[in-house]
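Reader: I would like to go through this structure at the level of side chains and strands, taking one question at a time. Could you begin with whatever I need to follow the first answer?

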Amino acid sequence: MLETITFSLLNGLLYGMLLFMLSSGLTLIFGMMGVLNFAHASFYMLGAYFAYTMGLYTGFWVALFLAPIAVGLIGAAVERFGLRQVHQYGHVPELLFTFGLAYVVEELVRLFWGNTPMNYRVPEALDFPLFSLFGTNYPAFRVFVLVVAVSMFVGLYLLLKRTRAGLIIQASLSRPDMVSALGHNVPQVFMWVFAFGTGLAALGGVVGGIQLVTEPGMAFMMGPIVFVVVVVGGLGSIQGALIASILIGVLQTFALSVDWSLANLGMVFGYAVPPESFFATIWYMDSTRIAPMLPYLLLVLMLIFRPRGLMGKRES
Amino acid sequence: MLVTNELHAYYGKSHVLRGVSMEVRAGEIVSLVGRNGVGRSTLCKSVMGLVPPVGDVHFDGRRVTGQAPHRIAHLGIGYVPEDRAIFPGLSVAENLELGVKRRGNGGRWGYRDVFNRFPRLEERRDTPAEALSGGEQQMLTMARTLMGNPRCIMVDEPTEGLAPRVVAELADLLKEIAADGIAVLLVEQKLSIAKQISHRMYVMGDGRIVFDGTPSQLEDSPDVRKEWLEV
């Protein structure tokens, strides 16, 4: 039991950290700039593929830096020549634009890399068990994921709270007109914020592509859940995104590993649910089958009962 | 210093400015008065590049019409909008920081000067800007724009909703700014204040300038007041 709990917590934390890497960029782009970037996970996918291909020539460590920069530059171009033109018509066309973009990216990835998963593996330097718990080895790469995620959080926090660029971003949230009247080039700031956000997603992909899988469907697999993180965490709040990521990661991992159902709850209170009763399907539905639904249930409940999310300053 | 010539501006299909020609010189306070909705705020916004203008805006003899707002700000035009536009979520000090321009520092207004002139802002420097009173917020936006050391400042309805004591303080501040050689364009609803501190006044009606003269000349034109100002 203790073993299950410990490993579920560790794996939940790990999955949560992957979610955070993916969604921290969206916190900037959606939470702060207000752009409903449906294609955010596509930049995550590009990060994984770029790192895989670059890694063949340069090795993992160079690709870890180069891939996010390359994807960030693509992000800058998407903002400058696509979104900025669409922006004047409002947020719905922006959503539609990024929706289309997500499909274009997926098809391009299929064209260049094919349909099958890439053989994108843990780099040799990190391919060893770091410690062992209850007789099971814990891989060093997972700890590396944690370290990257935490550095991302610290870096982002400092950027927003301690730099002038962070102030301009936060002020542009409420009054972009006034920020530009004070002499700041707001469109240019937005372009770099978008580039930075997509670069962060790509960094998530460099690491997540190894931990999860690198295949053309990976963007659509992760696409919706990053919105859950950003909304549950609260728009524009980096701390909120971190907490929401860990919460969702742990919740989902626990639901998958404990194999519980409402009938078990009945037993605790001394009530055995008759297997032939009308609601038996619901009573005996085990938690592993509910797990995929949990984040979205959380999203729906959050929007009803606390629309500004865990730590958000304004309503979504 | 700031000159507009036959300036037009549109909001969608409505023609808001219909050929406005006016001038503000260095060290001068010029008021723009008129009823609500005659286009006074639009004039400020189109000078600033926030509303696309048609016609001519000259600053320091250079044509600046239609340039991006941040460029116009860097040329030396400051703008304090009607609704104060403090940045909520940021502290007083952070709001002021955003007024500082990367180039062209070392002018009359730095942090020390602002805090000496507005001791209340220094006391509340770490307070979130939205927690300030209306008068303090107005002083904050003024101070924030001054931090950029503009050579011309456009102030839109600064006295709206403020207590008489704060209005008097603000009038003193505007006189001080003008005495430093800055051109001040004041958009004002309260005729008494405008007459008291302005060197010249423009009355706007229907998107045009309908009167141009000194406060005492306006005093002697009951027909202008009756047609364009009194409700």
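Author: A helix here is a DSSP run of H or I that spans at least four residues, and helices are numbered from the N terminus. Please keep in mind throughout that this is a predicted model.

Reader: Arg110(A) and Glu106(A) are both in helix 4 of chain A, so about how far along the helix are they separated?

Author: The side chains of Arg110(A) and Glu106(A) meet in a salt bridge, with 2.6 Å from N to O. Both belong to helix 4 of chain A, which covers residues 91–113, and because they are four residues apart there, the separation is about one helical turn.

Reader: Which partner of that salt bridge is buried, Arg110(A) or Glu106(A)?

Author: A residue counts as buried when its relative accessible area is under 20%. Arg110(A), at 27%, is therefore partly exposed. The other side chain has a relative accessible area of 10%, so the buried partner is Glu106(A).

Reader: How many aromatic pairs does a search of the whole structure find?

Author: The search runs over all chains, and a pair requires ring centres within 6.5 Å of each other. On that basis, the total over all chains is 19.

Reader: How are the rings of Trp61(A) and Phe144(A) arranged, stacked or edge-to-face?

Author: Two values describe such a pair, namely the distance of the centres and the angle of the planes. For Trp61(A) and Phe144(A) the centres are 5.6 Å apart and the planes stand at 85 degrees. Planes over 60 degrees apart fall in one class, and the pair is therefore edge-to-face.

Reader: How many residues apart are Trp61(A) and Phe144(A), and which parts of the chain does the pair link?

Author: Trp61(A), which is partly exposed at 40% relative accessible area, belongs to helix 3 of chain A, residues 60–87. Phe144(A), which is buried at 13%, belongs to helix 5 of chain A, residues 140–162. The pair thus links distant parts of the chain, and the separation in sequence is 83 residues.

Reader: Which aromatic ring does the charged end of Arg144(B) sit over?

Author: An arginine in chain A offers a parallel case, for Arg142(A) lies over the face of Tyr138(A), at 5.7 Å from the ring centre. In chain B, the charged end of Arg144(B) is 4.3 Å from the centre of its ring, and that ring belongs to Phe87(B).

Reader: Which residues of chain B are linked with Glu23(B) and Arg25(B) in a network of salt bridges?

Author: The side chains of Arg25(B) and Glu23(B) meet in a salt bridge of 3.7 Å, N to O. Arg25(B) is partly exposed at 41% relative accessible area, and Glu23(B) is partly exposed at 28%. The network that holds this pair also takes in Glu28(B), Arg200(B) and Asp212(B).

Reader: Which helices does the salt bridge of Arg112(B) and Glu122(B) tie together?

Author: The closest N and O atoms of Arg112(B) and Glu122(B) are 3.0 Å apart. The two residues are ten apart in sequence, and each lies in a helix of chain B, so the bridge ties together helix 4 (residues 111–117) and helix 5 (residues 119–123).

Reader: Which strands stand at the edges of the open sheet in chain B?

Author: The sheet has four strands in the order 2-1-4-5, with antiparallel pairing. Strand 1 (residues 2–11) and strand 2 of chain B pair over eight bridges, and within that pairing Ala9(B) stands opposite Leu17(B). An edge strand has a single partner, so one of its sides lacks a neighbour in the sheet, and this applies to strand 2 (14–24) and strand 5 (62–63).

Reader: Which strands of chain B does helix 1 touch?

Author: Helix 1 of chain B, residues 40–48, packs on the sheet, and its direction makes about 105 degrees with that of strand 1. The strands it touches are strand 1, strand 2 and strand 4 (53–59).

Reader: Which residue takes a positive phi in the hairpin of strand 9 and strand 10 of chain B?

Author: Strand 9 (residues 200–205) and strand 10 (residues 208–213) of chain B pair in the antiparallel sense over five bridges, and Gly205(B) stands opposite Arg208(B). Two residues lie between the strands, and the one with a positive phi near 50 degrees is Asp206(B).

Notes:
Residues are numbered from 1 along each chain as its sequence is written. Chains are lettered from A and ligands numbered from 1 in the order in which they are written. This is a predicted model: local features need pLDDT of at least 70, side-chain atom pairs count only at pLDDT 80 or more; totals for chains, interfaces and linings use all residues. Side-chain values use heavy atoms; hydrogens and water are left out. Rings of Phe, Tyr and Trp (its six-membered ring) pair if their centres lie within 6.5 Å; planes under 30 degrees apart count as stacked, over 60 as edge-to-face and the rest as tilted. Buried means under 20% relative accessible area, exposed over 50%, partly exposed in between (1.4 Å probe, protein chains only). A charge sits over a ring if NZ of Lys or CZ of Arg is within 6 Å of the ring centre and within 35 degrees of the ring normal. A salt bridge is a side-chain nitrogen of Lys or Arg within 4 Å of a carboxyl oxygen of Asp or Glu. Two strands pair if DSSP finds at least two bridges between them. Contact means heavy atoms within 4.5 Å. Axes are lines fitted to C-alpha atoms, for helices over the stretch in contact, and angles run from 0 to 180 degrees between N-to-C directions.
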